[in-house]
Amino acid sequence: MTGLETEEILSAIVFYLLSGVVVGSSILVITLRNIFRSALFLLLAFFATAGLFITLDAEFIAAVQVLIYVGAIGVLILFAIMLTRRIQDPVAKSTTRSFILGAFVSAAFLFFLILILGKIYLPPFPETGADTEGITKGIGRMLLTYYLLPFEVVSVLLVGALIGAVVIARKEEARGGEPPEVALERERKDREITDSKPDGNGLEQNDRKH
Amino acid sequence: MVDIDFSLLLPELILIGGAFFIIALDLIFRRRVTWLLLPVSVLIVAFAMYVAIDLAGTVASTVMNTFVVDTFSIVMKVIIMLATIFILMLTDGYKPLGNAHQGEFVGLILLASSAMCFMVSAGDMVMLYVAIEFTSIISYILVGYLRRNPLSIEAGIKYFLFGAVSSAIMLFGMSLLYVLTATTNLGGIVEGIMHGAVNPKIVLVSVSLFMVGLAFKMGAVPMHLWVPDVYQGAPTPITAYISVASKTAGVAAFLRIAFWFAPMLDVASGEWVNILSFVSMASMVLGTVIGILQNNLKRLLAYSAISHIGFIIIGVIVGQEVGMIAVVYYMVAYLFMTMGAFAIVIMVADATGGYELNDYVMLSKRKPSLALLMTIFLISLAGIPPTVGFFAKFYVFAAAIKQGYIMLAIVGVLASVVGLFMYARVLKAMYLDKNDEIMKKPFGAIPPPSWAVVGLCLLGTLIFGVYPKPIVEIARYCCNLFGG
């Protein structure tokens, strides 16, 4: 057995191990009943994805994955869960009646993709500049040359999303000249009414015909 | 260095700048100038539209082919901006929104318009994806804007979940295309596939997955499930906005990519046409048949929108000059008739407080002018002369028959006939049904800007329904696609 073969076998083992962790923890994220545990497994999935990036020699993306997804987003989700009242109730069901149908459709889609893509020979990926100048430098150069416009549009997108988040999370606005105290009081009352209902969101109460 | 031709990007830049200007104006004057926001925003969009029209005739690209400008993109942008102007005018009379946070509401609408313009002009997969996500994220916020209304929140969440799934599928298709060609440029992909020995099956699979994202934006079967619920739950001006502007942007991107990719799909053309034909026929049939069962006007118009997408896709399948003219004409027609119908739905809901068919009973007695206008828009949606909707369907069917897609034309004609019944139910409620109780209820006043919108839509519906030549001439210029 030559050194090259050993290396290939090793990288295959690492790949399947990491992929197994990603798929397994992703399934746990959507099936676990406790939302806090779901969030922790989400972090694990993010982390294993970072490992996959490393096996692809994309160290920069791996670092970004850990920093942003595991570090920032994951912790943010945990904070949001801990700061939200009643969200930790274990009664929240994460599966629905159409669970079996959904599983069947997903499995069929997966089977179809394996059938089509497994048989097809993918041509070797052409050389890009990233190999010579390093991936971080390559990404930076592309972002400020070829991908300049999408890059700038993303920044506008983020501002828009920020404004939208503020609007959705806003406090009730004073209506037509009433003082802010009155508006706050009304908001508090509204919330009490909503909270006292058995299912506060009222989603089940709509009768709609499909 | 990157050469950037800012003159090509100007309409989008004006919209983005205008959005932040409106939000800043509202904040600086601490919400004391809300009456000023709508006129100013209408002026901003009108100015952006003027700049866009000024670009007509240019066929160019900038920022290394990621942004493409040609007559087709300009016509589509004008439709999107006209829709935006109509929406802004309708927002004035829309009560559930109240006075609160109008600055943000208007600002987000302008941002969404700029995102849709980017979508129309995208010449690169990454640009297209960013534009689609931009449009979607702003739309989720606008759909769920009525925080106190459970239906609105439900619609927002549903829209978001469907959008996220379709984005994931689309990204998978895009990544396959990138693996095959090592470029994200749409023109580069065609070149890479044509010159490389790539299995046509994998091209077909990746392009189909790619198109799922656009099918979601257009609301075509099988990506239509969100349409009725979102249309029903969203604030009605936003429903109209998603129905017209967002759909126009989706159709524009879809048509551009279908036209560009046509040579590379030729090897698998039979299967590609089959896939599109299925989507088209399923949309037409499902939209009209289920539409008949609806008692809520917003849901009825949602199913009507699904069926219209089916007709539009026929034009994309046909391709070439006839197909292009059919699609462009259909989009113009769709703008006027759908916007008009939604404007009246908003007026009636503001005056009576409901969206159900029951609220339209005896409208011919209570408000004869509204009933007559609604009739005109509905017969246009059904495709009866002398309205713009008739020519829209006529050009689509003529194009299909000319290129030998007889089956599509037959299904289309049958779907139009069934669709007639769907719209006739509303006419029956307005003119024939009797209910003495409802006559006693007061009918509220209607704000002048809404009348202006309805008037403009009426003019568009009738003038182009009698004299379609100007639109056809403009559509003929659209055939000169950049790089096509």
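Colleague: What radius of gyration does chain B have, and what would a compact globule of 484 residues have?
Modeller: Chain B has 22 Å, and a compact globule with 484 residues would have a radius of gyration near 23 Å, so the two agree. That radius is taken over C-alpha atoms, and the globule rule is 2.2 Å times the number of residues to the power 0.38.

Colleague: Anything to know about the model itself?
Modeller: This is a predicted model: local features need pLDDT of at least 70, side-chain atom pairs count only at pLDDT 80 or more, and totals for chains, interfaces and linings use all residues. Residues are numbered from 1 along each chain as its sequence is written, while chains are lettered from A and ligands numbered from 1 in the order in which they are written.

Colleague: What box do the C-alpha atoms of chain B fill?
Modeller: Roughly 75 × 55 × 40 Å, along the principal axes.

Colleague: How many helices and strands does chain B have?
Modeller: Chain B has 20 helices and 2 strands. These are DSSP runs, numbered from the N terminus: helices are H or I with at least four residues, strands are E with at least two.

Colleague: And how much of chain B is buried?
Modeller: 61% of its 484 residues. Buried means 20 or more other C-beta atoms within 10 Å of the residue's own; exposed means 12 or fewer, and partly exposed is in between, with C-beta atoms placed from the backbone.

Colleague: Take H12(B). Why call it largely enclosed?
Modeller: Because 22 of its 22 residues are buried. H12(B) covers residues 297-318, and its end C-alpha atoms are 32 Å apart, which agrees with the expected 32 Å at 1.5 Å a residue. The expected span is 1.5 Å times one less than the number of residues. Just after H12(B), B:Gly319 takes a positive phi of about 65 degrees.

Colleague: Now H2(B). Which residues are buried there?
Modeller: Among them are B:Leu37, B:Ile44 and B:Met49. The buried residues of H2(B) cover an arc of only 135 degrees, so they sit on the same side of the helix. The arc is that of the directions from the helix axis to the C-beta atoms.

Colleague: Which exposed residues are on the face turned away?
Modeller: B:Trp35 and B:Leu43.

Colleague: What covers the buried residues of H2(B)?
Modeller: The cover includes helices H1 (6-28), H3 (71-91) and H4 (102-121) of chain B.

Colleague: Switching to chain A. How many helices and strands?
Modeller: Chain A has 8 helices and 0 strands. Buried residues make up 9% of its 210 residues.

Note on methods. Contact = placed C-beta atoms within 7 Å.
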